[in-house]
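Me: I should like to learn how to read a protein model. May we go through one together, feature by feature?

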Amino acid sequence: REQSTAIFRILQEALTNVLRHAQATRVEVRLEEAGAALVLTIRDNGRGMTDAEQSAPHALGLLGMRERAHLIGGSVDITGMMGQGTTVTLRVPYSSDQSVERSGPA
C-alpha cells in the first residue's frame, strides 16, 4: 500500500510538472516490469529541462519525487534535452515473492 501511494504521488507530481512547465503537446506514461523492478516512465515532448533546473533550490517537486522513491527503495532519474522534452523514470525493486497486482484489462 505504501509503495502504491508513493508511485501514484510521483506520477501525479510528474504530470503536474508537465502541465505547469513543459509546454508539451504530448505525454506518454508507461508502467512495466523489468526484471525484478517496476518501472514507471513519464515522457513529454515539451521544452526540456536543464541540469541546473533539476538541481535548483526551488525544485521542491523534483526533490519530493526523489525522496518518495528513496523511502520505498526506489530511484528517480530525470533526463531532459532542451527543445526535445523530459523523461522521468521511476524504478522500484520488488522481491521474487511479491507479485504485481493488476487491475483492468491486460
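Reply: The following turns treat a helix, the sheet and the way they pack. This is a predicted model, in which local features need pLDDT of at least 70 and side-chain atom pairs count only at pLDDT 80 or more, while totals for chains, interfaces and linings use all residues. Residues are numbered from 1 along each chain as its sequence is written, and side-chain values use heavy atoms, with hydrogens and water left out.

Me: How far apart are the end C-alpha atoms of helix α1, and why is that distance expected?

Reply: Helices (H or I, at least four residues) and strands (E, at least two) are DSSP runs, numbered from the N terminus. The expected span of a helix is 1.5 Å times one less than its number of residues. Helix α1 covers residues 2-22, so its 21 residues should span 30 Å, and the end C-alpha atoms agree at 29 Å apart.

Me: Which residues of α1 are buried?

Reply: Buried means under 20% relative accessible area, exposed over 50%, and partly exposed in between (1.4 Å probe, protein chains only). In α1 the buried residues are A6, I7, I10, A14, N17, V18 and A22. They lie on the same side of α1, because they cover an arc of only 115° around the axis, the arc being that of the directions from the helix axis to the C-beta atoms. E2, S4, L19 and R20, on the other side of α1, are exposed.

Me: In what order do the four strands form the open sheet?

Reply: Strands of a sheet pair through backbone hydrogen bonds, either parallel or antiparallel. Two strands count as paired if DSSP finds at least two bridges between them. Here the order is β1-β2-β4-β3, with antiparallel pairing. β1 and β3 stand at the edges with a single partner strand each, so one side of each has no neighbour in the sheet.

Me: How many bridges join the paired strands β1 and β2?

Reply: Eight bridges join β1 and β2, and R30 has T41 in β2 as its bridge partner. Seven bridges join β2 to β4, where L40 stands opposite L90. Seven also join β3 (residues 75-81) to β4, and there V76 is the bridge partner of L90.

Me: Which strands does α1 touch as it packs on the sheet?

Reply: Contact means heavy atoms within 4.5 Å. Helix α1 touches β1, β2 and β4, and its direction makes about 10° with that of β2. Axes are lines fitted to C-alpha atoms, for helices over the stretch in contact, and angles run from 0 to 180 degrees between N-to-C directions. Helix α3 touches β3 and β4, at about 145° to the direction of β3.
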